[in-house]
Amino acid sequence: MSLFVSVVGARPQFVKLAPLCRAFDALSGPGVHRILHTGQHYDREMSDLFFEELDIPRPDVDLGIGSGPHGRQTASMLEALEAEFDRSGPDVVIVYGDTNSTLAAALAASKMNIPLCHIEAGLRSFDRSMPEEVNRVVADHCADRLYPPTPLALANLENEGLGDRSVQVGDVMLDAVQYNLRLAEEKSDVESRYGLDGRDYGVVTVHRPINTTPEALSTILGSLEAIAGTGLPLLFPMHPRTRAVLPESHPLADSGILIVEPLGHLDMLKAISGARVVITDSGGLQKEAAFVGTPCVTLRETTEWTETVEIGANVLIGTSPAELKAAVRTALETSSANWQDSIRMHYGDGNSARKIVEDLNDWSGW
Ligand code: UD1
């Protein structure tokens, strides 16, 4: 019997892990799959809440690494992961997405010659100034088995000579959204909690370093105020890094911008599915917005989810928010009917986690 160890550490990875846990439960025996948390995210709203709400088993190990400059954070994880892999002897290490936890686990596994599998492989924004781009390229090239979510991601891997170890089975995020949206409809009261029931509103998230200098954040908030001033309240769940910059940057009383703590995943899904527009610099949220049928305006120059732009669900306006108001106006006139048919073509049928576990069992010879 093989031992598969999933290494996760940051919010978006918990979301991707959940469908894999369900698939391992359904298809493999007990004790086959374990969860190792690096501790990159550690606040309750950024970590524990996700495990509780998404019904993910508690991590078997939490390395408790926490925050720090990227080099030190990655190095601490690498050292701790090597010791942990040495102790527990996984047969296959599974990494997700593109965070520093992904990078550290990919390096640790490949240095120890442990077979490595990368879920959400092959994404490219071609912007090497983002740490996530470097993380995903390194993880892909270390991996022995790659699961690109879309045909374009597979093509990227083929271009880099990695096609023969890649299997395109669709996107585990679509599995997650289909499953969690039903739960969110039942359980989340996010709209009534923030007085948004029956109203048109937008959802905003901003956490990239480039958008969270005091100057950049202040400019973005100015544009958001102008939008909220047109009668479209904006729910802004705030990442701790953004919150740390906020006090000096802008007074917001009565602006129509509702700044709240980071939301759990079910509240976030319910909020974006009820919203008229999502404004974000996140990666995953661009795609979740497309899946739930809400147009997205992205505060970045590039995206690794270029399909969302191609199908008309997302527009990139760069980090200067001068175009934000016009882009939001256009988004408010956009209908998701334009792109719903394209979702299946790019992202599969919502059964990707099952296909991954089936393939992993064959591939690892279990
Ligand atoms: C990380 C990922 C990013 C992902 C994001 C999701 C990398 C390189 N980036 O970015 O791709 O979109 O997670 O949220 O891995 N902090 C807390 N409490 C926490 C976590 C973070 O206060 O629980 C604060 C700390 O001040 C920390 C800062 O947020 O220094 C940044 O956290 P970090 O995990 O390093 O990167 P993220 O910006 O969250």
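**Figure 1. Packing of helix H4 against helix H5 in the predicted model.** In this predicted model, Asn100, Thr102, Leu103, Ala106, Leu107 and Ser110 of helix H4 are in contact with Asn135, Val138, Ala139 and Cys142 of helix H5. The contact residues comprise six nonpolar and four polar ones, with no charged residue. Two packed helices are described by the angle between their axes and the distance between the axes. Here H4 covers residues 100–111 and H5 covers residues 131–142; their axes come within 9 Å and cross at roughly 25°. Because angles under 35 degrees count as roughly parallel, H4 and H5 are roughly parallel to each other. The crossing of these two helices is left-handed.

**Figure 2. Packing of helix H9 against helix H14.** Helix H9 spans residues 214–228 and helix H14 spans residues 324–332; the two axes come within 9 Å, with a crossing angle of roughly 40°. H9 is therefore oblique to H14. The crossing of H9 with H14 is right-handed. On the H9 side, the contact is made by Ser223, Leu224, Ala226 and Ile227, which meet Leu324, Lys325 and Val328 on the H14 side. By residue class, this contact consists of five nonpolar residues, one polar residue and one charged residue.

**Figure 3. Aromatic pairs of the structure.** The structure contains five aromatic pairs. A pair of aromatic rings is described by the distance of the centres and the angle of the planes. For Phe4 and Phe24, the ring centres are 5.2 Å apart and the planes stand at 45°, so this pair is tilted. Phe4 belongs to strand S1 (residues 4–8) and Phe24 to helix H1 (residues 11–27), so that the pair links distant parts of the chain, 20 residues apart. Both Phe4 and Phe24 are buried. A second view shows Phe291 and Tyr347, whose ring centres lie 5.0 Å apart with planes at 80°; the pair is therefore edge-to-face. Phe291 is part of helix H12 (residues 284–292) and Tyr347 is part of helix H15 (residues 337–347), so this pair ties together parts that are 56 residues apart in sequence. Phe291 counts as buried because its relative accessibility is 10%, and Tyr347 counts as buried because its relative accessibility is 0%. In addition, Phe14, Phe50 and Phe51 form one aromatic cluster.

**Figure 4. Helix H12 and the glycine that follows.** Eight of the nine residues of H12 are buried, so this helix is largely enclosed by the rest of the structure. The buried residues are Leu285, Gln286, Lys287, Glu288, Ala289, Ala290, Phe291 and Val292. Gly293, just after H12, has a positive phi of about 85°.

**Figure 5. Buried residues of helix H11.** Helix H11 comprises residues 265–274, and eight of its 10 residues are buried, so H11 is largely enclosed by the rest of the structure. The buried residues in H11 are His265, Leu266, Asp267, Met268, Leu269, Lys270, Ala271 and Ile272.

**Figure 6. Surroundings of Gly170.** Gly170 is located in the loop between helix H6 (151–159) and helix H7 (172–187). With a relative accessibility of 5%, Gly170 counts as buried. Not counting residues up to four places away in sequence, Gly170 touches Pro148, Pro149, Tyr347, Gly348 and Ser352. Gly170 and Ser352 are 182 residues apart in sequence, while their C-alpha atoms are 5.3 Å apart in space.

**Figure 7. Positive phi at Asp55 and at Glu120.** Most residues other than glycine have a negative phi. Asp55 is not a glycine, yet its phi is positive, at about 60°. This residue is found in the loop between helix H2 (48–53) and strand S3 (61–62). Asp55 has a relative accessible area of 66% and is therefore exposed. Glu120, also a residue other than glycine, has a positive phi near 75°. Glu120 is found in the loop between strand S5 (116–119) and H5. Is Glu120 buried or exposed? With a relative accessibility of 7%, Glu120 counts as buried.

Note on methods
Residues are numbered from 1 along each chain as its sequence is written. This is a predicted model: local features need pLDDT of at least 70, side-chain atom pairs count only at pLDDT 80 or more; totals for chains, interfaces and linings use all residues. Side-chain values use heavy atoms; hydrogens and water are left out. Axes are lines fitted to C-alpha atoms, for helices over the stretch in contact, and angles run from 0 to 180 degrees between N-to-C directions. Helices (H or I, at least four residues) and strands (E, at least two) are DSSP runs, numbered from the N terminus. Angles under 35 degrees count as roughly parallel, over 145 as roughly antiparallel, 65 to 115 as roughly perpendicular and the rest as oblique. A crossing is left-handed if the near helix is turned anticlockwise from the far one by less than a right angle, and right-handed if clockwise. Contact means heavy atoms within 4.5 Å. Ala, Val, Leu, Ile, Met, Phe, Trp, Tyr, Cys and Pro count as nonpolar, Asp, Glu, Lys and Arg as charged, and the others, Gly among them, as polar. Rings of Phe, Tyr and Trp (its six-membered ring) pair if their centres lie within 6.5 Å; planes under 30 degrees apart count as stacked, over 60 as edge-to-face and the rest as tilted. Buried means under 20% relative accessible area, exposed over 50%, partly exposed in between (1.4 Å probe, protein chains only).
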